[in-house]
Structure formats: C-alpha cells, structure tokens
Amino acid sequence: MTTSSFISEDLAISGDIEFSDELVIAGSVNGTIKFKGEGSGLVRVLSSGIVVGEIQSKSLEILGKVEAEVTCTKLVSIKATANVTGTLKYMQLEVQSDAVPNVELIPMPTDQIDQKINKTTIAYTANQDGQNP
C-alpha cells in the first residue's frame, strides 16, 4: 500500500522533512528532504513546487523548481517544465528532450545500488606496510 504525503500549493515549509513512502510537493520547501523507510522513496516536485536545500531519496521526479544537492539511489527524472540547479548524484537519469537542467551530474558507482540512502560507509586506505594511517 502506497502512503503519500502532500505539501499543498499554499503551504511553505522551512526545515527538515523525513518521509517513509512518497512525498508530493506542490508548495515550497526550504530545507532537507530525507527518505526514511521501506516504501517507494519517491519525491515528486509538481510544476508549482519549489525545493531549495537537499533531497535524499530513492527516486525523484521534477516538474517544478529544484535548487538542491540531490542524492537518489534509483532514478532522477527531469521533465520539460523543470527548472533544476545544483548537484545531482544519481543511479539512473532520465531527461525529457525539452528539459534544460543546469546541474553538476555525478553518477553513483554501481556497487552502491543496494546500499540504503541513510547508511554511512567509512573507507580508509592502508599504508604500504598494510597498517592503517
């Protein structure tokens, strides 16, 4: 069962948002949007929607305005009506032919496909003797 949270066109939120399945934005959000859960992890920014800040989700569909650092472990879909600036870290990217995103694109390594977005991995490099620095 899909549970959608909705930010209506007349609503402006300043602060952090955590959602567990799907988040639809018709209003504006200034802050961090973060997926926490086992659901679809889809953020949908409608044509009237505005997001400024950061988005961490499985998937993102953009029809409105996004000025953010974005990390998506599945698909980022940029529609023709979208106005997108910032950084997109993505596994898959779909851009409609009339869309003109102004973003830095960073493809995620395929070994991160099954990692959850809110899981932190710490890596280090051993020195020549095999010891930790």
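These are my notebook entries on strands, their pairing and one surface patch in a predicted model.

**Entry 1: the six-stranded sheet**

I looked up the strand order first. The sheet is open, has six strands and runs β1-β4-β6-β8-β10-β12, with parallel pairing. I then checked the edges. β1 (4-7) and β12 (92-95) each have a single partner strand, so one side of each is left without a neighbour in the sheet. For the twist I noted an average turn of 10° between neighbouring strands of this sheet, direction ignored.

**Entry 2: strand β8**

I went to β8, residues 59-62, and asked which side chains share a direction. Ser 59 and Glu 61 point one way, while Leu 60 and Ile 62 point the other way. I also asked whether these residues are buried or exposed. All are buried, Glu 61 and Ser 59 included.

Next I took the neighbours of β8. With β6 (residues 42-45) I found parallel pairing over four bridges. With β10 (residues 75-78) the run is also parallel, and three bridges join the two strands.

I followed Leu 60 across both pairings. In β6, Val 43 stands opposite Leu 60 of β8. In β10, Val 76 is the bridge partner of Leu 60. For Glu 61, the residue standing opposite in β10 is Ser 77.

**Entry 3: strand β9**

I turned to β9, residues 65-72, and sorted its side chains by face. The covered face holds Val 66, Ala 68, Val 70 and Cys 72. The uncovered face holds Lys 65, Glu 67, Glu 69 and Thr 71.

How many bridges join β7 to β9? I found eight, with β7 (residues 50-57) running parallel to β9. β9 also pairs with β11 (residues 83-90), in the parallel sense and over seven bridges.

I picked one residue from each face and looked up a partner. Ala 68, on the covered face, is the bridge partner of Gly 53. Glu 69, on the uncovered face, has Thr 87 in β11 as its bridge partner.

**Entry 4: a nonpolar patch**

Last, I looked at the surface. Leu 93, Val 95 and Leu 105 form a nonpolar patch there, and together they have about 210 Å² of accessible area. I placed Leu 105 in strand β13, residues 102-107.

Why does Leu 105 count as partly exposed? Its relative accessible area is 42%, and the partly exposed class lies between the 20% limit for buried and the 50% limit for exposed.

Technical notes: Residues are numbered from 1 along each chain as its sequence is written. This is a predicted model: local features need pLDDT of at least 70, side-chain atom pairs count only at pLDDT 80 or more; totals for chains, interfaces and linings use all residues. Side-chain values use heavy atoms; hydrogens and water are left out. Buried means under 20% relative accessible area, exposed over 50%, partly exposed in between (1.4 Å probe, protein chains only). Two strands pair if DSSP finds at least two bridges between them. Patches are made of residues with over 30% relative accessible area and no salt bridge: like charges are joined within 9 Å, nonpolar side chains (Val, Leu, Ile, Met, Phe, Trp, Tyr) within 5 Å. Accessible areas come from the Shrake-Rupley method with a 1.4 Å probe; for residues, only the protein chains shown count as cover. A salt bridge is a side-chain nitrogen of Lys or Arg within 4 Å of a carboxyl oxygen of Asp or Glu. Axes are lines fitted to C-alpha atoms, for helices over the stretch in contact, and angles run from 0 to 180 degrees between N-to-C directions.
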